[in-house]
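This report goes through the fold, the core, the charged pairs and the surface of one protein model. The sequence and the structure are shown first.

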Amino acid sequence: MTRAISHEGDLGETLRQMLAVLEAERQALAGLDLDAIVGTTRDKDRLCAMLDGAGKGAEAGGPGMELDEECRGLLEAARRLNEINRQVRNIIAANVATRLNTLTGAPQLYRAGTNYALVANRV
């Protein structure tokens, strides 16, 4: 059971936890550690449920989601890290698909866009 976020201090703490989880996910992806990837997914789901609860309270006329500068910064950092992790997941999926297609001699069913090729060259 997830607890509700009651004020900005809790929101800031939840966002700091999310940043830590996203960093752990990045490390798990880099090491291809499936257990850690699954664990960070559960942690992200739990934290997202807490953040969703805070947002729904504001929508229903409850305590507002007025974000202070620190929370806005934490939120933006979490967005950036999540996007980076999403790109890494897509690169891994594209690499696996390419290897499987090479092994089976099958035509490529999934093609990563040129943006992923550019990112892959930088990683």
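The text below moves from the overall fold to single residues.

## Fold

The model is predicted. Its secondary structure consists of four helices and zero strands, and along the sequence the pattern reads α-α-α-α. Helix H1 covers residues 8-30, helix H2 residues 34-59 and helix H3 residues 69-104. Among contacts in the protein with a separation of 6 or more, 67% are between residues 24 or more positions apart.

The protein has 123 residues, of which 26% are buried. Its accessible surface is about 8300 Å², and carbon and sulfur atoms hold 56% of that surface.

## Nonpolar core

In soluble globular proteins, nonpolar side chains tend to be buried together. The largest nonpolar core here has 13 residues. The members that touch the most other members are Leu15, Met18, Leu19, Leu22, Leu47 and Ala78. Two or more residues of this core come from each of H1, H2 and H3. H1 gives the largest share, six residues.

Leu15 is one of the well-connected members named above. Leaving out residues up to four places away in sequence, Leu15 touches Leu51, Cys71, Leu74 and Leu75.

## Salt bridges

Side chains of opposite charge can pair when their charged atoms come close. The whole structure contains eight salt bridges. Three of them are set out here, with the distance between nitrogen and oxygen.

| Salt bridge | N to O distance |
|---|---|
| Glu25 with Lys44 | 2.9 Å |
| Arg89 with Glu25 | 3.0 Å |
| Arg79 with Glu76 | 3.7 Å |

Glu25 takes part in the pair with Lys44 and also in the pair with Arg89. How far apart in the chain are Glu25 and Lys44? Glu25 is in helix H1 and Lys44 in helix H2, 19 residues apart, so the pair links distant parts of the chain. Glu25 is buried, with a relative accessible area of 2%, and Lys44 also counts as buried, at 13%. The bridge between Arg89 and Glu25 again links distant parts of the chain, with Arg89 in helix H3, Glu25 in helix H1 and 64 residues from one to the other. Arg89 is partly exposed, at 30% relative accessible area.

The pair of Arg79 and Glu76 lies within helix H3. The two residues are separated by about one helical turn, because they are three residues apart in that helix. Arg79 is exposed, with 53% relative accessibility, whereas Glu76 is partly exposed, with a relative accessible area of 36%. Elsewhere, Glu13, Arg16 and Glu70 are joined into one network by salt bridges that share partners.

## Thr40

Thr40 belongs to helix H2. Is Thr40 buried or exposed? Its relative accessible area is 6%, so Thr40 is buried. Apart from neighbours within four places in sequence, Thr40 is in contact with Val21, Ala24 and Glu25. Glu25 is thus a contact of Thr40 as well as a salt-bridge partner of Lys44 and of Arg89.

## The loop between H1 and H2

Leu32 is found in the loop between helix H1 and H2. Most residues other than glycine have a negative phi. Leu32 is not a glycine, yet its phi is positive, at about 50°. Leu32 is also exposed, with a relative accessible area of 60%.

## A nonpolar surface patch

Which residues make the nonpolar surface patch of about 310 Å²? Val96, Leu100 and Leu103 make this patch. Leu103 lies in helix H3. At 72% relative accessibility, Leu103 is above the 50% cut-off and therefore counts as exposed.

## Summary

The predicted model is made of four helices without strands. H1, H2 and H3 each give two or more residues to the largest nonpolar core. Glu25, which is buried, is bridged to Lys44 and to Arg89. Exposed nonpolar residues include Leu32 in the loop between H1 and H2 and Leu103 in the patch with Val96 and Leu100.

How values were computed:
Residues are numbered from 1 along each chain as its sequence is written. This is a predicted model: local features need pLDDT of at least 70, side-chain atom pairs count only at pLDDT 80 or more; totals for chains, interfaces and linings use all residues. Side-chain values use heavy atoms; hydrogens and water are left out. Buried means under 20% relative accessible area, exposed over 50%, partly exposed in between (1.4 Å probe, protein chains only). Contact means heavy atoms within 4.5 Å. Accessible areas come from the Shrake-Rupley method with a 1.4 Å probe; for residues, only the protein chains shown count as cover. Patches are made of residues with over 30% relative accessible area and no salt bridge: like charges are joined within 9 Å, nonpolar side chains (Val, Leu, Ile, Met, Phe, Trp, Tyr) within 5 Å. A salt bridge is a side-chain nitrogen of Lys or Arg within 4 Å of a carboxyl oxygen of Asp or Glu. A nonpolar core is a set of buried Ala, Val, Leu, Ile, Met, Phe, Trp, Tyr and Cys residues joined through side-chain atoms within 4.5 Å.
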